[in-house]
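Work through the exercises below with the structure at hand. Each task is followed by a solution in steps.

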Amino acid sequence: MNCVQIMGRLTDSPQFEEKENLKIARYILAINNGKEKDADFIPCTAYGNNAVVAQQYLNKGQLVAITGKLHSYKDKNECNKMNVIVNKQYFFGYSSSKIPSASDGYIDFSNIDESTLPFQ
């Protein structure tokens, strides 16, 4: 089984490109590895609608959780590299100028009346 779940902060805003109608967003997540002032830096690639959402709503320093799969490849110098292919991405906190909408797959739960929930 190849399943990755990670949460970290973006080291920079996603780099977005479109190649032959394929939308691609690349970003790096800094993940706390349990050591003080130390982090792992995980390259991530989102395709299609995930890439568009990443480009529109993700910014440097933002907290992001993703699920995906680990992908290994060799670069042009024949060095082994690893990357996470994003399946789902969840982002926490955003600027008021970039508030996502339901058409982006985002549901705002901040204004729910908790007394109407079936569980408490």
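The exercises concern salt bridges in this predicted model.

**Exercise 1.** State how many salt bridges a search of the whole structure finds.

Solution. The search covers the whole structure and returns four salt bridges. Three of them are worked through below, beginning with those of E17.

**Exercise 2.** Decide whether the side chains of E17 and K19 meet the distance criterion for a salt bridge, and classify the exposure of each residue.

Solution. Step 1: the N to O distance between E17 and K19 is 3.6 Å. The cut-off is 4 Å, so the pair is a salt bridge. Step 2: E17 has a relative accessible area of 28%. This value lies between 20% and 50%, so E17 is partly exposed. Step 3: K19, at 47% relative accessibility, is also partly exposed.

**Exercise 3.** Which residues do salt bridges with shared partners join into one network?

Solution. Step 1: R26 pairs with E17 in a salt bridge, at 2.4 Å from N to O. Step 2: R26 is partly exposed, with 34% relative accessible area. Step 3: through shared partners, E17, K19 and R26 form one network.

**Exercise 4.** Give the N to O distance of the salt bridge between K81 and D75, and the exposure class of K81.

Solution. Step 1: the side chains of K81 and D75 meet at 3.9 Å, N to O. Step 2: this is within 4 Å, so the pair counts as a salt bridge. Step 3: K81 has a relative accessible area of 35% and is partly exposed.

Key. Residues are numbered from 1 along each chain as its sequence is written. This is a predicted model: local features need pLDDT of at least 70, side-chain atom pairs count only at pLDDT 80 or more; totals for chains, interfaces and linings use all residues. Side-chain values use heavy atoms; hydrogens and water are left out. Buried means under 20% relative accessible area, exposed over 50%, partly exposed in between (1.4 Å probe, protein chains only).
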